[in-house]
Amino acid sequence: MTHSKSLTIFGEVLFDCFPDGENKLGGAPFNVAWHLQAMGDNPVFISRIGNDDLGQRIQQAVKDWGLSAATLQLDRAHPTGRVNVSFNNGEPAYDIASDSAWDYIDYPAINDLPSSGLFYHGSLAARSDISHQTLQKLSENPDYDIFVDVNLRSPWWQKDDVYHWLEQARWVKLNQNELAELGFRSADLHQDMTRMHTHFHLDQLIVTCGEKGAIVRDTEGEFHLVKPTSNEQVVDAVGAGDAFTAMYIHGLLHDWDINTMLHEAQAFASKVVGLRGAISDDLKFYSYINN
């Protein structure tokens with residue numbers, strides 16, 4: 001894999017609010033940045049928080065974890081993001097607050113970014129005009145290798161918009177349901193992946209299939225499959241996909257082959273479902289990871 005090792009992550013940081021009143025740090029891009037910081041990859045994380053108690057908690061957590069706060073903007077007009085998490089048969093559902101600070105990530109306020117390297121973003125953070133325009137400007141950098149983490153949360157997405165981001169991407173990760181929602185739906189998963197992969201001229205298309213594992217289609221048109229490792233204790237599935245993504249990106253940065261990336265990503269996702277919420281603030285949780 002020929003690209004620089006710099007890593008930039010753009011998108012939402014928020015609190016996942018659970019039915020029992022517990023609040024846990026979250027937001028897919030933040031979760032990915034948090035894991036990658038623990039793995040030693042030093043991401044630059046671009047987001048925006050409110051001037052409120054939740055925002056202060058995020059600032060403190062970022063500082064304690066060693067994540068760079070230089071590109072974490074403070075918004076005095078809009079609150080820190082929140083998501084109300086509910087569960088249906090163990091599967092999480094998300095009610096995402098609108099008009100949150102991360103909807104207003106301001107391009108002129110961003111300084112000291114890597115000029116090249118891997119650039120990660122999801123699809124959710126582009127739901128509002130200001131952050132959409134900022135992402136548009138950032139992703140126009142021809143020296144960025146773009147990883148798009150599709151995160152379809154109704155009503156916060158439009159197909160044309162998501163297609164636009166996919167056209168810029170080198171790697172795309174999404175789940176099997178999202179593949180179908182974007183119009184690639186037949187009885188044959190491999191055929192759907194092939195159509196999407198070739199339509200967007202991707203290097204790798206990564207599709208997670210829940211309990212069935214994950215599949216990657218590579219530039220040669222070959223498919224790579226991994227089945228999940230058994231997990232003795234499942235606490236919740238919040239953030240499992242983000243854990244998978246983080247480990248996969250770690251592998252890209254360290255030139256792992258696809259099968260290694262897949263197996264390590266799946267194993268890490270299986271580990272994270274044993275947590276309440278998406279991340280751990282215990283460095284020992286990450287200590288087994290090697291480069």
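This briefing walks you through the pockets, a cavity, one helix and a few single residues of the structure above. The model is a predicted one, so please read every value below as computed from that prediction. The largest pocket holds about 1,400 Å³ of space, and the structure also has one cavity of 30 Å³ or more. Let's take the topics in turn.

**The largest pocket**

- About 1,400 Å³ of space lies in this pocket, and 46 residues line it.
- Closest to the centre of the largest pocket are Glu91, Asn175, Ala237, Ala240 and Gly241.
- Which elements supply at least two residues each to this lining? They are the strands β2 (14-17), β7 (91-96) and β10 (171-175), together with the helices α1 (28-38), α5 (176-181), α7 (240-253) and α8 (258-272).
- Strand β7 contributes the largest share of the lining of the largest pocket, with five residues.
- Sorted by class, the lining of the largest pocket is made of 20 nonpolar, 16 polar and 10 charged residues.

**The second largest pocket**

- The second largest pocket contains about 250 Å³ of space.
- Its lining includes Phe15, Trp34, Arg57, Arg276 and Asp281.
- β3 (23-26) and α2 (53-65) each give at least two residues to the lining of the second largest pocket, and β3 gives the most, with three.
- By class, you will find six nonpolar, two polar and four charged residues in the lining of the second largest pocket.

**The cavity**

- There is one cavity of 30 Å³ or more in the structure, and the largest cavity has a volume of about 60 Å³.
- Three tryptophans, Trp156, Trp157 and Trp165, are among the residues that line the largest cavity, and so are Ser123, Ala126 and Arg127.
- The lining of the largest cavity divides into five nonpolar, two polar and two charged residues.

**Helix α7**

- How far apart are the end C-alpha atoms of α7? They are 20 Å apart, which agrees with the 20 Å that its 14 residues should span at 1.5 Å a residue.
- Helix α7 is mostly covered, with 13 of its 14 residues buried.
- After α7 comes Asp255, whose phi is positive, near 60°.
- Here is a handy rule to keep in mind: an α-helix has 3.6 residues a turn, so residues three or four places apart point the same way.

**Two residues to compare**

- Is Thr8 buried or exposed? Thr8 counts as buried because its relative accessibility is 0%, under the 20% cut-off.
- Thr8 sits in strand β1 (residues 7-10). Leaving aside neighbours within four places in sequence, Thr8 is in contact with residues including Val44, Ile46, Leu113, Phe119 and Tyr144.
- Glu211 counts as exposed because its relative accessibility is 80%, over the 50% cut-off.
- You can find Glu211 in the loop between β11 (204-208) and β12 (214-217).
- The C-alpha atoms of Glu211 and Lys227 are separated by 7.9 Å, and these two residues are 16 residues apart along the chain.

**Cysteines**

- How many disulfides does the structure hold? It holds zero.
- Cys17 has a relative accessible area of 5%, so it is buried.
- Cys209 has 14% relative accessibility, and it therefore counts as buried.

Conventions
Residues are numbered from 1 along each chain as its sequence is written. This is a predicted model: local features need pLDDT of at least 70, side-chain atom pairs count only at pLDDT 80 or more; totals for chains, interfaces and linings use all residues. Side-chain values use heavy atoms; hydrogens and water are left out. A disulfide is a pair of cysteine sulfur atoms within 2.5 Å. Buried means under 20% relative accessible area, exposed over 50%, partly exposed in between (1.4 Å probe, protein chains only). On a 1 Å grid over the protein atoms alone, a cavity is a set of points where a 1.4 Å probe fits but cannot get out, and a pocket is an open set with protein on both sides within 12 Å along at least five of seven lines; lining residues have an atom within 4 Å of a point. Grid points are joined across faces, edges and corners, and a volume is the space filled by probe spheres set on the points. Helices (H or I, at least four residues) and strands (E, at least two) are DSSP runs, numbered from the N terminus. Ala, Val, Leu, Ile, Met, Phe, Trp, Tyr, Cys and Pro count as nonpolar, Asp, Glu, Lys and Arg as charged, and the others, Gly among them, as polar. The expected span of a helix is 1.5 Å times one less than its number of residues. Contact means heavy atoms within 4.5 Å.
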